[in-house]
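Here are my notes on this model, point by point. Please read them with the structure open.

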Amino acid sequence: MIPDDVDAYRVRKAALLGSLSGDVLEIGAGTGANFGYFRREVRWTGLEPNRRARATLREVARAHGHDTEVLDAPAERIPLPDASVSAVVATVVLCSVTDQDATLAEVIRVLRPGGRFVFFEHVAAPVGTWPRRLQRLSAPFSRVLDRGCDPARDTERAIRRAGFAEVTIERYAGLRWAGVPIPLIAGTGQV
Ligand SMILES: C[S@@+](CC[C@H](N)C(=O)[O-])C[C@H]1O[C@@H](n2cnc3c(N)ncnc32)[C@H](O)[C@@H]1O
């Protein structure tokens, strides 16, 4: 990552995740990398379809004082009632889900009125650039080797058209992987 971006991105992540309260659903929670950011009083529920990650996630969640069950489901079919959570968090998940539109529709469905979707994602480089071409070429490999990750997705567009009442997105110049810049976005979708 470019140094200024590293700092700005981390500061934003700490601020946004640290601002959440109430019932927070984290989709594609992996092995629990975000626990350090959440307030202690947050009522956290995780969703993670990968069996091995889920086992670790349960232990890490307990170690952070969260006894809630981790949901074994894809984000395209969240097993929670309509309007049941205050916030949904996704960090580097929309690159991996099978269906972004179905996932975002589910996020909107489970959020209470006034609730927020908070996301931190790596996204496709601009069309016609060599990083975009490299992302497309590497996608078949990363999908197999990196739990479904497709680096060439236009996630910003998917979020903007999903149907949130208000969307705020910040762009960061991004990570560098093998010298290739990978743009990042961070932001919120309000219902
Ligand atoms: C790159 S990891 C990120 C994990 C974690 N959010 C983090 O920031 O460290 C992507 C995660 O999305 C999960 N995932 C893949 N497909 C998914 C789906 N359809 N629904 C929910 N999560 C999914 C993977 O199992 C993996 O844990």
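Is Ala83 buried, partly exposed or exposed?

1. Partly exposed. The relative accessibility of Ala83 is 37%, and the cut-offs are under 20% for buried and over 50% for exposed, so Ala83 falls in between. Bear in mind throughout that this is a predicted model.

2. Ala83 deserves a second look for its backbone too. Its phi is positive, about 50°, although the residue is not a glycine. Most residues other than glycine have a negative phi. As for location, Ala83 sits in the loop that runs between α2 (51-63) and β3 (85-91).

3. Val92 belongs with Ala83 in this check. Phi of Val92 is near 55°, again positive in a residue other than glycine. Val92 lies in the loop between β3 and α3 (100-110). Its relative accessibility is 43%, so Val92 also counts as partly exposed.

4. Now the ligand. The residues surrounding it number 18. Gly28, Glu48, Ala75, Glu76 and Thr91 are the closest. The space that the ligand takes is the largest pocket.

5. Which atoms of Ala75, Glu76 and Thr91 face polar atoms of the ligand? For Ala75 it is a polar backbone atom, 2.8 Å from a nitrogen atom of the ligand. For Glu76 it is a polar side-chain atom, 2.9 Å from a ligand nitrogen. For Thr91 it is also a polar side-chain atom, but the partner is an oxygen atom of the ligand, at 2.6 Å. As for cover, the ligand taken alone exposes 590 Å², and the protein buries 86% of that.

6. Thr91 leads on to Asn34. These two residues are 57 apart along the chain, and their C-alpha atoms are separated by 8.4 Å. Asn34 is found in the loop between β1 (23-27) and β2 (43-47). Is Asn34 buried or exposed? Its relative accessible area is 2%, and buried means under 20%, so Asn34 is buried.

7. Ser138 gives another pair to inspect. Ser138 and Ala53 are 85 residues apart in sequence, and their C-alpha atoms are 24 Å apart in space. Ser138 is placed in helix α4 (residues 130-145). With a relative accessible area of 22%, Ser138 is partly exposed. The cut-off for buried is under 20%, so at 22% Ser138 does not count as buried.

8. Next, the aromatic rings. How many aromatic pairs does the structure hold? There are six. One of them joins Phe35 and Phe38, edge-to-face, with 6.5 Å from centre to centre and 75° between the planes. Both of these phenylalanines are buried.

9. Phe117 and Phe119 make another aromatic pair, this one tilted. The centres are 5.4 Å apart, and the planes meet at 40°. Phe117 is buried, as is Phe119.

10. Finally, a group of three. Tyr9, Phe120 and Tyr172 form one aromatic cluster. Please view these three rings together.

11. To recap the points to check. Ala83 has its positive phi of about 50°, and Val92 has one near 55°. At the ligand, look again at the backbone of Ala75 and at the side chains of Glu76 and Thr91.

Key:
Residues numbered from 1 in each chain as written. Predicted model: local features only at pLDDT ≥ 70, side-chain atom pairs only at ≥ 80, totals over all residues. Heavy atoms only, no water. Helix = DSSP H or I, 4+ residues; strand = E, 2+ residues; numbered from the N terminus. Buried < 20%, exposed > 50% of the residue type's maximum accessible area, 1.4 Å probe, protein only. Phe/Tyr/Trp six-rings, centres within 6.5 Å; stacked < 30°, edge-to-face > 60°. Near = heavy atom within 4 Å. Polar contact = N/O pair within 3.5 Å; in protein donor to acceptor, adjacent residues only side chain to side chain. Areas by Shrake-Rupley, 256 points an atom, 1.4 Å probe, with all protein chains shown as cover. 1 Å grid on protein atoms, 1.4 Å probe; cavity = no way out; pocket = protein on both sides within 12 Å on 5 of 7 lines; lining within 4 Å. Sits in = over half its atoms within 2 Å of the grid points.
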